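The following exercises are to be worked through with the sequence and the model at hand. Each task is followed by a solution in steps.

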Amino acid sequence: MPAYPRAELEQMVERWLAANRDAERAGDWIQSLGAMYTEDAEYGWNMGPDQAFLARGRQQIMDWALGFHMEGFEQWRYPYDHVLIDEAQGEVIGFWRQVSPARRPDGSHYEVAGLGGSWFRYGGNDQWCWQRDFFDLGNVKALFMELAANGQLDAPVRRKIARLAKGQAMPGVYPLHPAPGALARLKGYYAMARIVLFGA
């Protein structure tokens, strides 16, 4: 991981934040962000205990990470609250929020609770060569359930949730290990029920 001048990384961060704002205004993540990755960049995130997502190369990042997986989130906002820059390692961490365009009865926007962010590795030439996102999956699921219950979960998101629930393939999604079988899941539910009911 090579070192880079701090000023260069600060400039990259400002370009990235401006491109994200452009993407939010236009509802087009590919057009605004696609060129900001190296040709051989990697971009991934965890999807729970059994699955993760990984795109290899700029084209997969555009097609899958910024394209398919952002369908239904065109109007969401992801404002960055804080950015940490490590010029010695050429790395950046940005902390952001996930804000839905839908509003609650009190007028506030639905927003994912908890911590979200991205860990970047700079590849020179104003481009990232590696990125990993992190967020509280439990809070994401809870918000999606609330949006679905109120009829405010966009159709593309509903379709992707249905595909995941049925075990259907999705671009870039791969198993971390074999998923537990029905018996193992049942044993887990039973053990948790005992803990809840009897404290043991």
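**Exercise 1.** How do the residues of the lining of the largest pocket divide into nonpolar, polar and charged?

*Solution.* The model is a predicted one, in which local features need pLDDT of at least 70 and side-chain atom pairs count only at pLDDT 80 or more, while totals for chains, interfaces and linings use all residues. Residues are numbered from 1 along each chain as its sequence is written, and side-chain values use heavy atoms, with hydrogens and water left out.

Step 1. Fix the terms. A pocket is an open set of points on a 1 Å grid over the protein atoms alone, where a 1.4 Å probe fits and protein lies on both sides within 12 Å along at least five of seven lines; lining residues have an atom within 4 Å of a point. Ala, Val, Leu, Ile, Met, Phe, Trp, Tyr, Cys and Pro count as nonpolar, Asp, Glu, Lys and Arg as charged, and the others, Gly among them, as polar.

Step 2. Apply the classes. The lining divides into 32 nonpolar, ten polar and five charged residues.

Step 3. Locate the pocket. Of its 47 lining residues, Trp45, Met47, Phe135, Leu137 and Leu164 lie nearest the centre. Its volume, the space filled by probe spheres set on the points, which are joined across faces, edges and corners, is about 1,400 Å³. Among the elements that each supply at least two lining residues are α1, β1 (37–46) and β8 (128–135); helices (H or I, at least four residues) and strands (E, at least two) are DSSP runs numbered from the N terminus.

**Exercise 2.** Is Asn20 buried or exposed, and which residues does Asn20 touch, not counting those up to four places away in sequence?

*Solution.* Step 1. Asn20 is found in helix α1, residues 6–26. Step 2. Its relative accessible area is 7%, so Asn20 is buried (buried: under 20%; exposed: over 50%; partly exposed: in between; 1.4 Å probe, protein chains only). Step 3. Outside that sequence window, Asn20 touches Trp29, Leu33 and Tyr80, a contact being heavy atoms within 4.5 Å.

**Exercise 3.** Which residues of helix α3 (residues 58–65) are buried, and against which elements do they pack?

*Solution.* Step 1. Arg58, Ile61, Met62 and Ala65 are buried in α3. Step 2. These residues cover an arc of only 115° around the axis, so they are on the same side of α3; the arc is that of the directions from the helix axis to the C-beta atoms. Step 3. The buried residues of α3 pack against α2, β1 and β2 (51–56).

**Exercise 4.** In which sense does β8 pair with β1 and with β7, and which residues in the loop between β7 and β8 have a positive phi?

*Solution.* Step 1. Two strands pair if DSSP finds at least two bridges between them. β1 and β8 pair in the parallel sense over five bridges, with Trp130 as the bridge partner of Glu42. Step 2. Strand β7 (residues 116–122) pairs with β8 in the antiparallel sense over seven bridges, and Ser118 has Asp133 as its bridge partner. Step 3. In this hairpin, with five residues between the strands, Gly124 takes a positive phi near 80°. Step 4. Most residues other than glycine have a negative phi. Yet phi is near 55° at Asn125 and about 60° at Asp126. Step 5. Asn125 is exposed, with a relative accessible area of 64%, whereas Asp126 is partly exposed at 25%.
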